[in-house]
Amino acid sequence: MKDCLFCKIVSGDIPSKKVYEDEKILAFYDISPMAKVHVLVIPKMHISSAQDITDESSAVIGYLFSKIPYIATLLGINESGYRVITNCGEDGCQSVKHIHFHILGGQQLSVNMA
């Protein structure tokens, strides 16, 4: 989608501080971190939100989740622990209409963020 911020990051039109990239997904540091470690993981395929996951797109979401432990290891938070969050829609505070998963860690997180 040409107006999607994350699609522009995937295409390289907008720079990001990459943590991991392969042919299906991209992980990069959040520009407004809410923890010592705050990385976003996105599929390169445009999926607007969790509400829009289909049988076809679920394979890439499964693949993305299979890479989260590796990304957590790259970030050095695999042993201490981390949180994975996605927001969906306006009431869920989804700010970019491209599904993305926040990996938060590097510190004890608030129980109120769960």
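In which helix is the place of Phe 65? Select Phe 65 in your viewer and follow the backbone on either side, and you will find that this residue belongs to helix α2, which spans residues 58-75. Keep in mind throughout the tour that the model on your screen is predicted.

**Stop 1: a patch on the surface**

With Phe 65 still selected, add Tyr 82 and Val 84, because these three residues together make a nonpolar surface patch of about 230 Å², and Phe 65 itself is partly exposed, with a relative accessible area of 39%.

**Stop 2: the sheet**

Now hide the side chains and show the strands as ribbons, so that the open sheet of five strands can be followed in its order, β1-β2-β3-β5-β4, with antiparallel pairing. Strands β1 (18-21) and β4 stand at the edges, and since each has a single partner strand, one side of each is left without a neighbour in the sheet. From one strand to the next, the twist averages 20°.

Begin at the β1 edge, where β1 and β2 pair in the antiparallel sense over three bridges and are joined by a hairpin that passes through three residues. Select Tyr 20 and look across to β2, where its bridge partner is Ala 27. Keep Ala 27 selected and look towards β3, because there Ala 27 stands opposite Val 41. These last two residues belong to a pairing in which five bridges join β2 (residues 25-29) to β3 (residues 37-43), again with the strands running antiparallel.

Continue from β3 to β5, which are also antiparallel and are joined by five bridges; if you select His 38, you will find Leu 104 as its bridge partner in β5. The walk ends with β4 and β5, an antiparallel pair joined by four bridges, and here Ile 85 stands opposite His 102 of β5.

**Stop 3: a covered strand**

Select the whole of β5 (101-105) and colour it by accessibility. How many of its five residues are buried? Five of the five are, and the strand is described as mostly covered. In a regular strand the side chains alternate between the two faces of the sheet. Turn the model to look at one side of β5 and then the other: Phe 101, Ile 103 and Gly 105 lie on one side, His 102 and Leu 104 on the other, and all of them are buried, so both faces of this strand are covered.

**Stop 4: a network of charges**

Side chains of opposite charge can pair when their charged atoms come close. To see this, select Lys 18, Glu 21 and Lys 44, which are linked in a network of salt bridges; the count for the model comes to two. In one of them, Glu 21 pairs with Lys 18, and the closest N and O atoms are 2.9 Å apart. In the other, the side chains of Lys 44 and Glu 21 meet, also at 2.9 Å from N to O. Lys 44 lies in the loop between β3 and α2 while Glu 21 is in strand β1, so this pair ties together parts that are 23 residues apart in sequence.

Is the network hidden inside or open to the outside? Each member is partly exposed, with a relative accessible area of 46% for Lys 18, 35% for Glu 21 and 23% for Lys 44.

**Stop 5: two loop residues**

Select Ser 57, which lies in the loop between β3 and α2. Is Ser 57 buried or exposed? With a relative accessibility of 4%, Ser 57 counts as buried, because the cut-off for that word is under 20%. Show the residues around it, leaving aside neighbours within four places in sequence, and you will see that Ser 57 is in contact with Met 45, Ile 47 and Asp 52.

Finally, move to Cys 93, in the loop between β4 (82-85) and β5 (101-105). Unlike Ser 57, which is buried, Cys 93 is exposed, with a relative accessible area of 58%. Most residues other than glycine have a negative phi. Cys 93 departs from this pattern, since its phi is positive, at about 65°, although Cys 93 is not a glycine.

Terms used:
Residues are numbered from 1 along each chain as its sequence is written. This is a predicted model: local features need pLDDT of at least 70, side-chain atom pairs count only at pLDDT 80 or more; totals for chains, interfaces and linings use all residues. Side-chain values use heavy atoms; hydrogens and water are left out. Buried means under 20% relative accessible area, exposed over 50%, partly exposed in between (1.4 Å probe, protein chains only). Two strands pair if DSSP finds at least two bridges between them. Axes are lines fitted to C-alpha atoms, for helices over the stretch in contact, and angles run from 0 to 180 degrees between N-to-C directions. Contact means heavy atoms within 4.5 Å. A salt bridge is a side-chain nitrogen of Lys or Arg within 4 Å of a carboxyl oxygen of Asp or Glu. Patches are made of residues with over 30% relative accessible area and no salt bridge: like charges are joined within 9 Å, nonpolar side chains (Val, Leu, Ile, Met, Phe, Trp, Tyr) within 5 Å. Accessible areas come from the Shrake-Rupley method with a 1.4 Å probe; for residues, only the protein chains shown count as cover.
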